[in-house]
Amino acid sequence: MAGIVVVGAQWGDEGKGKAVDILGARVDYVVRYSGGNNAGHTLVVGDEKYALHLLPSGILNENAIPVIGNGVVIDLDVLFQEIDGLTARGLDVSNLLISANAHIITGYHQIIDKVTERFLGKHKIGTTGRGIGPAYSDKVNRIGIRVQDLLDESILRQKVSAALEQKNQLLLKLYNRAAISADAISENLLSYVERLRPMVTDTSRVLNQALDAGKIVLFEGAQAHHLDVDHGTYPYVTSSNPVAAGACIGAGVGPRRIDRAIGIFKAYTTRVGEGPFPTELKDEAGEKLRADGGEYGTTTGRPRRCGWFDALVVEAACMVNGFTDTFCTKLDVLTGWEKIPICVAYDINGERTNQLPMTQTDFHHAVPVYEFLDGWSEDISTARSFADLPRNAQAYIRRLEELIGVRISGIGVGADREETVVIHDLL
């Protein structure tokens, strides 16, 4: 075993951080390969709670070297706030490595993100307003600012000025906003150079050499499959490729380096922002799931939309990502329900399908077809083996496994790192 990639199988917030944190104690490198600080991973270790937005979740494990890959977009303000916050709590994060090719989120990216969302009105995407989309747009348009540019002040100032020539015209003439100072942006970025410099390296080479040496590398995706810009519910998606294949591009390793792909999903379904959500509950049941699950965004604090488990959503993610294993989180949240619905198909204009619709139109019109399983009332937070779970909880897990077509190798039965049922070893 050498390369392992962890991917969310729904719309994010599945608890990837917990799975990565558990695995991180046994791996040599933990790599963020996509996204920015629009991601949020909450980790609970004993009495300590950690909220990470940009740093790899495995940074809490001192034996794993944390890496931010070239596919990530970095807000330096957030990066060093997180580093300082962890350092103040006694954690050593001095071994963090950052790709010289990763792109930087600047102040103008954040401004454009916010004004664009307001301009779209009812057609808004539901972004976090943190500049992630505009930073990726600049990357594709070849006017982005990379980490390595900060190491050459002359190059940095030239690139910032060139990027703002167009953006200031947009801000002034379309959005009626004041122009942005290129010098102010450059000075802000340059203020981080001395702290940043020791972390910057060719992470692609570092990771390939580690894999050559037989080290175990864990690739951690942000967001999730159905937020992928190619495979998600477009246009209500993120601006990168969090799917398993994205690890190769976002970290600079070849596809043969990935030995195992692990999909993470909740025992129910949640979503933040706009976009279709067939099993969404807009009633007391949805409110109960939100309250019991603590379903509020780690990054934004926004209440998450909640609904029953959608097998079609997860099955599609299993297919595209080629998951070898899955990990079901928050099973404990379903404790106390007399009956638990599972969406096993959709009714679309009178026709039943058990596959995710090809078109956005059909997905918007999909009506869930439910199968009802008996619930359980026993506290499952102390379960550590599958046999420890109540019979009905076991039946629920086995039915999910049948529907998604991939084995469930682990189950989260509480927020803490230790509150986990291991069925199959993930390493």
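## A buried glutamate

E295 is buried, with a relative accessible area of 0%. This value comes from a predicted model. The residue sits in the loop between α10 and β13.

Outside its neighbours within four places in sequence, E295 is in contact with residues that include K266, Y268, T270, L289 and R290. Others on the list are R302, P303, R304, C306 and K330. With Y268, E295 shares a polar contact between side chains, at 2.5 Å.

## The salt bridges of E295

Side chains of opposite charge can pair when their charged atoms come close. In the pair of K330 and E295, the closest N and O atoms are 2.9 Å apart, and the two residues form a salt bridge. K330 lies in the loop between β15 and β16 (339-348), while E295 lies in the loop between α10 (284-293) and β13 (305-307), so the salt bridge ties together parts that are 35 residues apart in sequence. K330 is partly exposed, at 24% relative accessibility, whereas E295 is buried at 0%.

This pair belongs to a network of salt bridges that links D13, K266, E295, R304 and K330.

## Two other salt bridges

The count for the model comes to 24 salt bridges. One of them joins the side chains of D325 and R260, with an N to O distance of 3.3 Å. D325 is in strand β15 (residues 325-329) and R260 is in strand β11 (residues 258-266), so this pair links distant parts of the chain, 65 residues apart. Both partners count as buried: D325 has 1% relative accessibility, and R260 has 15%. The cut-off for buried is under 20% relative accessible area, so the value for R260 falls on the buried side.

Another salt bridge is formed by the side chains of E194 and R197, at 3.5 Å from N to O. Here E194 is exposed, with 58% relative accessibility, and R197 is partly exposed, with a relative accessible area of 38%. A residue counts as exposed over 50%, so E194 is placed in the exposed class.

## The second largest pocket

The second largest pocket has a volume of about 360 Å³. Its lining is made up of 20 residues, and those nearest its centre are H231, G232, L356, P357 and M358. Two elements give two or more residues to this lining, namely α11 (311-321) and α12 (360-364). Of the elements, α11 gives the most, with four residues.

By residue type, the lining of the second largest pocket consists of ten nonpolar residues, nine polar ones and one charged one.

## Backbone details

The peptide bond from Y234 to P235 is cis, and its omega is near 10°. P235 is in the loop between β10 (217-220) and α9 (246-251). Q223 also lies in the loop between β10 and α9. Although Q223 is not a glycine, its phi is positive, at about 55°. Q223 counts as buried, with 8% relative accessibility.

R142 is not a glycine either, and has a positive phi of about 65°. It is placed in the loop between α4 (132-140) and α5 (153-173). At 75% relative accessibility, R142 is exposed.

Conventions
Residues are numbered from 1 along each chain as its sequence is written. This is a predicted model: local features need pLDDT of at least 70, side-chain atom pairs count only at pLDDT 80 or more; totals for chains, interfaces and linings use all residues. Side-chain values use heavy atoms; hydrogens and water are left out. A salt bridge is a side-chain nitrogen of Lys or Arg within 4 Å of a carboxyl oxygen of Asp or Glu. Buried means under 20% relative accessible area, exposed over 50%, partly exposed in between (1.4 Å probe, protein chains only). A polar contact is a pair of N or O atoms within 3.5 Å; within protein, one must be able to donate a hydrogen and the other to accept it, and residues adjacent in sequence count only if both atoms are side-chain atoms. Contact means heavy atoms within 4.5 Å. On a 1 Å grid over the protein atoms alone, a cavity is a set of points where a 1.4 Å probe fits but cannot get out, and a pocket is an open set with protein on both sides within 12 Å along at least five of seven lines; lining residues have an atom within 4 Å of a point. Grid points are joined across faces, edges and corners, and a volume is the space filled by probe spheres set on the points. Ala, Val, Leu, Ile, Met, Phe, Trp, Tyr, Cys and Pro count as nonpolar, Asp, Glu, Lys and Arg as charged, and the others, Gly among them, as polar.
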